[in-house]
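Colleague: I would like to learn how to read a model like this one. Could we go through it feature by feature?

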Amino acid sequence: MIQTQTQHYNFMLVEEFSHLAFSCAVEPLRIANLVSGHELYKWTFASEQGEKAVCSNGSVTLVHSGFDLLPKCDQIFVLSGIHMRNHVSRSLLSSLRRERAKGTAIGALCSGAWVLAEAGFLDGMQAAIHWEYHDAFMEAFQEVNLVRSVFVADEKHVTASGGTATADLMLHLIERDHGYDLSVAVADQMVYNAVRNATAEQRVSLQSRNGMRNTHLAKAIQIMHDRIENPVSPSVIAEQLGISTRQLERLFGKYLNASPKKYFMEMRLERARHLLIQTEASVTDVAFACGFESAGHFSRVYRAAFGVTPMLQRGRLD
């Protein structure tokens, strides 16, 4: 349903919050107002002390209120960054619980999912958080279904993994509230022509991080990358590494929360998505370039993963 009234977003800025995620959250809202010619959104900021918030790069943002006296709003986003565990205060958690009792929608950006999990909001739900905190989060909050997606928008508490993923989430919300055309117009103003949906993953960061931690995993991912056009089975990869298939499966489960087969398929589909967005190659050529034996099979698998066919995906992003 298209929204007709101004929506008020309140951003709870936790000390050392991410300035990149902050900008990617607020600017799409400002641009939506500018492009539409209407005040579709308004926003306020809150901090622990109620005067200012300091982000991780040292910039200072003046705020409208403290955590203990939030204005009435439609949506709250907890935005944190590095060292968020040092800033999960009693007043922050108490405020969130009060707002939840009132029925206010509450979400989180960057490492903010940690705060919501600390408050007990995410139990039994899917959630996204910046890749840097995946291992610690999975250990601390085993009842939360952590995913590698750039954002999660179909849960009671929406979450985004930070950085430009925050812009992806905001564009998704703008499309939900005001239609696809406005979201595209906002993305155009941002010169942002590779908008990701919720199923896209924090791929490069995960590979880099886990590759540094485990040599076998890094080599396995490299083999997959090199064999996208001619995929090989996990047993073949394991044999090339000199380990058992079971050992390979344990590595992927521990570090990436996925099986080798699933991870390889997701890698191939993500590569296909990039080719559809960034090149003029035909769907058939993209299918073969990503190791699929036929365009029909590729289209079925792609639609199951992303919710649209390769042809419609290209049309929307173009």
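Modeller: Start with the labels: helices and strands are DSSP runs, with at least four residues for a helix and at least two for a strand, and they are numbered from the N terminus. Keep in mind that this is a predicted model.

Colleague: How many helices and strands does the protein have?

Modeller: There are 14 helices and eleven strands. Of the 318 residues, 50% count as buried. Among contacts with a separation of 6 or more, 66% join residues that are 24 or more positions apart.

Colleague: Let us try the labels on one residue. Where is the place of Glu-16?

Modeller: Glu-16 sits in the loop between S1 and H1.

Colleague: What is notable about the phi of Glu-16?

Modeller: The general idea is that most residues other than glycine have a negative phi. Glu-16 is not a glycine, yet its phi is positive, at about 65 degrees. With a relative accessible area of 24%, Glu-16 is partly exposed, because that class lies between the 20% limit for buried and the 50% limit for exposed.

Colleague: Which phi does Asn-257 have?

Modeller: Asn-257 has a positive phi of about 55 degrees, and it is not a glycine either. This residue is found in the loop between helix H10 (245-256) and helix H11 (260-278). Its relative accessibility is 43%, so Asn-257 also counts as partly exposed.

Colleague: Next, the interior. Which residues of the largest nonpolar core touch the most other members?

Modeller: A nonpolar core is built from buried residues of the nonpolar kinds, joined through their side chains. The largest one here has 38 residues, and Phe-11, Leu-13, Phe-77, Leu-109, Leu-169 and Met-170 touch the most other members. Strands S1 (7-13), S2 (41-47), S6 (75-80) and S7 (105-110) each give two or more residues to this core, as do helices H1 (19-36), H5 (165-178) and H6 (180-189). H1 gives the most, with eight residues.

Colleague: Which residues is Leu-169 in contact with, leaving aside its neighbours within four places in sequence?

Modeller: They are Phe-77, Leu-109, Phe-151, Ala-153, Val-158 and Ala-160. There is also a second, separate core of 33 residues, which includes Leu-241, Leu-248, Leu-256 and Phe-292.

Colleague: How should I read one residue in a strand? Is Tyr-9 buried or exposed?

Modeller: Look at the element, then the accessibility, then the contacts. Tyr-9 is in strand S1 and is buried, with a relative accessible area of 1%. Tyr-9 and Tyr-41 are 32 residues apart in sequence, while their C-alpha atoms are 7.3 Å apart in space. Beyond four places in sequence, Tyr-9 touches residues including Leu-29, Tyr-41, Trp-43, Phe-77, Met-170 and Asp-177.

Colleague: And which strand does Val-78 lie in?

Modeller: Val-78 lies in S6. It is buried, with a relative accessible area of 0%. Val-78 and Phe-17 are 61 residues apart in sequence and 9.5 Å apart in space, C-alpha to C-alpha. Not counting residues up to four places away in sequence, Val-78 touches, among others, Met-12, Val-14, Leu-96, Leu-109 and Leu-116.

Colleague: Now helix pairs. At what angle do H1 and H6 pack?

Modeller: Two packed helices are described by the angle between their axes and the distance between the axes. For H1 and H6 the angle is about 110 degrees, and the axes are 9 Å apart. H1 is therefore roughly perpendicular to H6. The crossing is right-handed. On the H1 side the contact is made by Pro-28, Ile-31, Ala-32, Val-35 and Ser-36, and on the H6 side by Leu-182, Ala-185, Val-186 and Gln-189. By class, that contact has seven nonpolar, two polar and no charged residues.

Colleague: How do the axes of H1 and H5 cross?

Modeller: They come within 8 Å and cross at roughly 30 degrees. Angles under 35 degrees count as roughly parallel, so H1 is roughly parallel to H5. H1 passes H5 in a right-handed crossing. Ala-21, Cys-24, Ala-25, Pro-28, Leu-29 and Ala-32 of H1 meet Thr-166, Ala-167, Met-170 and Ile-174 of H5. That contact has nine nonpolar residues, one polar residue and no charged residues.

How values were computed:
Residues are numbered from 1 along each chain as its sequence is written. This is a predicted model: local features need pLDDT of at least 70, side-chain atom pairs count only at pLDDT 80 or more; totals for chains, interfaces and linings use all residues. Side-chain values use heavy atoms; hydrogens and water are left out. A nonpolar core is a set of buried Ala, Val, Leu, Ile, Met, Phe, Trp, Tyr and Cys residues joined through side-chain atoms within 4.5 Å. Buried means under 20% relative accessible area, exposed over 50%, partly exposed in between (1.4 Å probe, protein chains only). Contact means heavy atoms within 4.5 Å. Axes are lines fitted to C-alpha atoms, for helices over the stretch in contact, and angles run from 0 to 180 degrees between N-to-C directions. Angles under 35 degrees count as roughly parallel, over 145 as roughly antiparallel, 65 to 115 as roughly perpendicular and the rest as oblique. A crossing is left-handed if the near helix is turned anticlockwise from the far one by less than a right angle, and right-handed if clockwise. Ala, Val, Leu, Ile, Met, Phe, Trp, Tyr, Cys and Pro count as nonpolar, Asp, Glu, Lys and Arg as charged, and the others, Gly among them, as polar.
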